Amino acid sequence: MAKARDYEKNRELYESILKLKDLDQCERFFKDLCSITELNAMEQRFMVAKMLYEGKVYTEICEKTHASSATISRVNRALNYGENALREVFDNQE
């Protein structure tokens, strides 16, 4: 029963994100919801994913983002074997 309840909570969060009206509101929403450390981690992972998608090598990604090799590897797994949402976002940016 707990799993169904957790799913509903998560769903409500994601639906709320979809209702944000602009970039400013989105930034404020995440600043209210997340700590600076959490935001920095998400931003770093997103940048790592984008650089991997662009074909950059680990050393260049590490230099530019200051991400650890473990983080880069984790993001690489998500990019290649995850839900494919990151690739869809990057494909739509081209």
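Me: Which label fits Glu-15: buried, partly exposed or exposed?

Reply: This is a predicted model, where local features need pLDDT of at least 70, side-chain atom pairs count only at pLDDT 80 or more, and totals for chains, interfaces and linings use all residues. Residues are numbered from 1 along each chain as its sequence is written, and side-chain values use heavy atoms, with hydrogens and water left out. Buried means under 20% relative accessible area, exposed over 50%, and partly exposed in between (1.4 Å probe, protein chains only). Glu-15 has 39% relative accessibility, so the label is partly exposed.

Me: Which residue forms a salt bridge with Glu-15?

Reply: A salt bridge puts a side-chain nitrogen of Lys or Arg within 4 Å of a carboxyl oxygen of Asp or Glu. Here the closest N and O atoms are 3.8 Å apart. The partner of Glu-15 is Arg-11.

Me: Where do Arg-11 and Glu-15 lie?

Reply: Helices are DSSP runs (H or I, at least four residues), numbered from the N terminus. Arg-11 and Glu-15 are four residues apart, about one turn. Both belong to helix 1 (residues 2–18).

Me: How far apart are the closest N and O atoms of Arg-28 and Asp-24?

Reply: Both residues sit in helix 2 (residues 23–33). They are four residues apart, so about one helical turn separates them. Their salt bridge has its closest N and O atoms at 3.0 Å.

Me: How many disulfides does the structure hold?

Reply: A disulfide needs a pair of cysteine sulfur atoms within 2.5 Å. The sulfur of Cys-34 is 10 Å from the closest cysteine sulfur, in Cys-26, too far for a bond. The disulfide count is zero.

Me: Within what arc do the buried residues of helix 5 fall?

Reply: The buried residues are Thr-71, Ile-72, Val-75 and Leu-79. They line one face of helix 5, as seen down its axis. The arc is that of the directions from the helix axis to the C-beta atoms, and here it is 95 degrees.

Me: Which helices do the buried residues of helix 5 pack against?

Reply: Contact means heavy atoms within 4.5 Å. The face turned away from the buried side carries exposed Ser-69 and Tyr-81. The buried residues pack against helix 3 (36–53), helix 4 and helix 6.

Me: What is the phi of His-66?

Reply: His-66 is in the loop between helix 4 (58–65) and helix 5 (69–81). His-66 is exposed, with a relative accessible area of 67%. Although His-66 is not a glycine, its phi is positive, about 65 degrees.

Note on methods:
Helices (H or I, at least four residues) and strands (E, at least two) are DSSP runs, numbered from the N terminus.
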